Amino acid sequence: MMGSENEGFEEAPLHSPKEKSESTLLLHHDLNSVDRHPLSDPLLSPTSPNSNPHHPHDIEPPAYADVIFTPFDSSDINGSGSPLDTSSSSSSPHGFSPSNYSDYIKITVSNPQKEQEPSNSLVPGSNTFVTYLVTTRTNIPDFGGSEFSVRRRFRDIVTLSDRLAESYRGFFIPPRPDKSVVESQVMQKQEFVEQRRVALEKYLRRLAAHPVIRKSDELKMFLQVQGKLPLLPTTDVASRMLDGAVKIPKQLLGDGPAVAPHEAAQPAKGGRDLLRLFKELKQSVANDWGSSKPPVVEEDKEFMEKKDRMQELELQLSNASQQAEALVKAQQDMGETMGELGLAFIKLTKFENEEAVFNAQRVRAADMKNLATATVKASRFYRELNLHTVKHLDTLHEYLGLMMSVHGAFADRSSALLTVQTLLSELSSLQSRSEKLEVASSKIFGGDKTRIRKLEELQETIKVTEDAKNVAIRQYEWIKENNRNELERLDVERKADFLNMLKGFVVNQVGYAEKIANVWGKVAEETSNYVRGNS
Amino acid sequence: MASSRGPQSPRSPHPSLSLASSQPYLSVSVTDPVKMGTGVQAYISYRVITKTNMPQYQGSEKIVIRRYSDFVWLYDRLFEKYKGIFIPPLPEKSAVEKFRFSAEFIEMRRRALDVFVNRIASHQELRQSEDLRTFLQVDEEVMERIRSYETGLFKKKPADLIQIFKDVQSKVSDVVLGKEKPVEESSEDYEKLKHYIFELENHLAEAQKQAYRLVKRHRELGSSLSDFGKAVKLLGACEGDNLGKAFSELGAKSEAVSLKLQKEAHELLMNFEEPLKDYVRAVQSIKATIAERAAAFKQQCELAETIKLKEINLDKLMLTRSDRVREAELEYKELKRESEEATERFEMIVRLMNEEIERFQEQKTLDMGIAFHEFAKGQARLATAVADAWRSLLPKLEACSTT
């Protein structure tokens, strides 16, 4: 399919080379054998990816195996998954645990595989791509099944996302993963594929968490239909024209076959719907600079206020998100340095024991051992604390990402309004033309055959435009309603999620601080003889 | 030796206890750092207060003003005179310019100087030193004169010390004598000691480095909690309502915890990192003593060699009935005396070192025990305070979500 990978003309130069480089990368790595175990958290020891994340191997010399470790039992208020969940590092942002919905959809993305398109190209491997296994478990009856799997490639996700964007204008649709440009030399192929897998899973889970989108046909088809995805990549007007299937609205081109009103009501896409785009641009300029107010304006003051609030929220979220990152790093560093300190003392202990000539040395070695053990324990606690902190504070990042969806939904509203305004202008200019024609033709006795014919055609056009206008207005109203509902939903869910985040964060801090205090308290007790009996 | 002030400041028994008994006591404080002068010439002066009943001292209490270079002078004099004894280490000489007058640095240096003088005052032999008496008693101007005069004459040039260290560390034979024999002691115990000291320095330096980093981490975590708190407060202002309140409370609490971290960072620096640093310095001081021992041994060997040569020469002269026999005999006697002195010096160093090393090990176990205790206590205190602070927030968060 020509150009179907690309989202728009202006993006083409960026993306086609990427597709090639992706397939070049695939040449160098064989993914077929791998049923990838998710990468363990980068916060833990990087050398043992398959180890239980709660027993890192980096500092545990055999002599000190008495460093017993008890994982933190959090009463995980934040329903974002148990800390021992190793099946995926991603989690749904929403605080509503599955039991809040009586129905559920659980999606997993796994098993990336290299596949080849039957190619007429002479270059071997030039049409290889990666597919992922998308497994769904659900009890929603519409799906007609409780567990099923399909194979999808990234291109399908793009299609799904585009179609959702068209069908669900005004909704806060979760943003899809980026079509990142990959340099074949820089990125390890497996790393990239794994990152993408995680991103895809996150995205699909977010879609499934959206109360309206989870019921969409597009999502259903994506999750269920075996083989090729039955969704057309785009309803873009111009490309369908190229396919011969489209009829351009007569009123937009001035000539040509009429088109169904609902298609006319779709926003002008990309750079291809040029004439339409031009007209809408003219309209928006008239809106901004024109001496008269456009026929319909954004009057909803409440909406304007909410919009400003969203902007402010985004700003503060961005800031908080950044500081959260810094905090997490500082906690991580603390844990690491504690670990290094503990290690240094372990080495000292060993050294003193080996070289001991005096008893004082052995006593000191024993003291050091206690200190080292406690330091290592504390280090582990800090690192574990951080794992949880990351999960909790991730809510900030999630909602920051969601702001993009909000922008999209508001943009839908603006463009729908612009369409209405354009059609109203068109209508008004058509009507004035029609009036002029009427006046002119009535001056000729018996009627002017040409003019009468033109008038009839014009009347026809006016009728179609009138219908289109009505559809456009209905669209606009619908989008406004969607905006309103989504804003409400966002407020409710955000409040719940953030409160959960705060609670989870605090409970976490308390729990680990208590554990750490305990560990050090013991050592303070054990060494208290050194300060007792001071004069 | 009981510790009455700070974890590491040894002092002889409290004066009031000793008045009853006629136990000699010598107690020193280094206090009141004051910045003197301006610009590049600026320096810190300290008040040194001496309380004593020892007869060699003029009066029972004396206050003098001293600066860092005066302490260095005292160290150098003691190092010269008391070979074999581990002279207590001094805090580092120079610091990065901008740090030199920071309150923290000044306080750390003051403490270290206080510990330095008190260790000397508690040491059986060192406390008898005349130079110590000079240091503790003479006027500022007199001190300055003495210091500038004697620094030139007696201070060991860095080049010499480096050469001595090289000799100690290498097993290459002495090129100067042109002999194949190495002028190094070959005793197993001594080898073991040298190896121990050199290795110990490495291990301790690593531990101290990590301790210093840990201090930094405390500060960084404190700082990021503070920034996080501010950001969260702003977010709360934006959200408003219960959620906004919850955010505000969290932000405020975050800032409070941040303060606790900064405080503990300071404690950690003073009570854990600094003692470790002190330990490293002490080991370095021992290395200097080892160098002295090696120098003494080398001198002894050289003299022994020279004597042999002289003996051979003397015999030759006696056989030939030369007129220079008397001269040679006198020289020989002189050399023999020098050689005996050198041997005595060397043997004393060995004896002293053996006593010192035992004392050192015991003292360090005590010092480290205290440092570990303070470290653990501080960490426990911090963690408890942090837990309490966050815990107090929970009912407020609950209230925010139920309304």
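Let us start in chain B, where strand β3 (residues 26-36) and strand β4 (residues 43-52) run antiparallel and are joined by 9 bridges. Helices and strands here are DSSP runs numbered from the N terminus, with at least four residues (H or I) for a helix and at least two (E) for a strand. Two strands pair if DSSP finds at least two bridges between them. You can pick out one partnership yourself: B:Val30 has B:Val48 in β4(B) as its bridge partner. Between the two strands of this hairpin there are 6 residues, and B:Gly37 takes a positive phi near 70° in the hairpin.

Before going on, a word about what you are looking at. This is a predicted model, in which local features need pLDDT of at least 70 and side-chain atom pairs count only at pLDDT 80 or more, while totals for chains, interfaces and linings use all residues. Residues are numbered from 1 along each chain as its sequence is written, chains are lettered from A and ligands numbered from 1 in the order in which they are written, and side-chain values use heavy atoms, with hydrogens and water left out.

Positive phi values turn up at other residues too. A:Asn111 is not a glycine, yet its phi is positive, at about 55°. You will find A:Asn111 in strand β1 (residues 105-116) of chain A. Is A:Asn111 buried or exposed? A:Asn111 counts as buried because its relative accessibility is 17%; the word means under 20% relative accessible area, whereas exposed means over 50% and partly exposed lies in between (1.4 Å probe, protein chains only). B:Asp241 is another residue that is not a glycine but has a positive phi, of about 65°. B:Asp241 belongs to helix α8 (residues 241-319) of chain B, and with a relative accessible area of 70% it is exposed.

Now step back to chain A as a whole. Chain A holds 11 helices and 3 strands. Reading from the N terminus, its elements follow the order α-β-β-β-α-α-α-α-α-α-α-α-α-α. Of the 535 residues in chain A, 48% are buried. A:Ala374 is a buried residue, with a relative accessible area of 5%, and its place is in helix α10 (residues 359-442) of chain A. Try finding A:Glu354 as well: A:Ala374 and A:Glu354 are 20 residues apart along the chain, and their C-alpha atoms are separated by 22 Å.

Next come the charged side chains. How many salt bridges does a search of the whole structure find? Over all chains there are 53, where a salt bridge is a side-chain nitrogen of Lys or Arg within 4 Å of a carboxyl oxygen of Asp or Glu.

One of them links B:Glu334 with B:Arg337, at 2.5 Å from N to O. Both residues sit in helix α9 (residues 325-391) of chain B, 3 residues apart, about one turn of the helix. B:Glu334 is partly exposed at 35% relative accessibility, and B:Arg337 is partly exposed at 40%. Elsewhere, A:Glu194, A:Arg197, A:Glu201 and A:Arg205 form one network, joined by salt bridges that share partners.

Chain A has a pair of its own in A:Glu481 and A:Arg484, whose closest N and O atoms are 2.7 Å apart in a salt bridge. About one helical turn separates A:Glu481 and A:Arg484, because they are 3 residues apart in helix α11 (residues 449-526) of chain A. A:Glu481 is partly exposed, with a relative accessible area of 34%, and A:Arg484 is partly exposed at 38%.

A salt bridge can also cross from chain to chain, as with A:Lys503 and B:Glu398, at 3.6 Å from N to O. A:Lys503 lies in helix α11 of chain A and B:Glu398 in helix α10 (residues 394-402) of chain B, so this pair joins two chains. Here A:Lys503 is buried, with a relative accessible area of 11%, whereas B:Glu398 is partly exposed at 38%.

Our last stop is a negative surface patch on chain B, formed by B:Glu125, B:Glu355, B:Glu358 and B:Glu362. Patches are made of residues with over 30% relative accessible area and no salt bridge, with like charges joined within 9 Å and nonpolar side chains (Val, Leu, Ile, Met, Phe, Trp, Tyr) within 5 Å. B:Glu125 lies in the loop between α3 (103-122) and α4 (130-137) of chain B, and B:Glu125 is partly exposed, with a relative accessible area of 32%.

Methods. Accessible areas come from the Shrake-Rupley method with a 1.4 Å probe; for residues, only the protein chains shown count as cover. Lys and Arg count as positive and Asp and Glu as negative; His and the chain ends are not counted. The place of a charge is taken as NZ of Lys, CZ of Arg, CG of Asp or CD of Glu.
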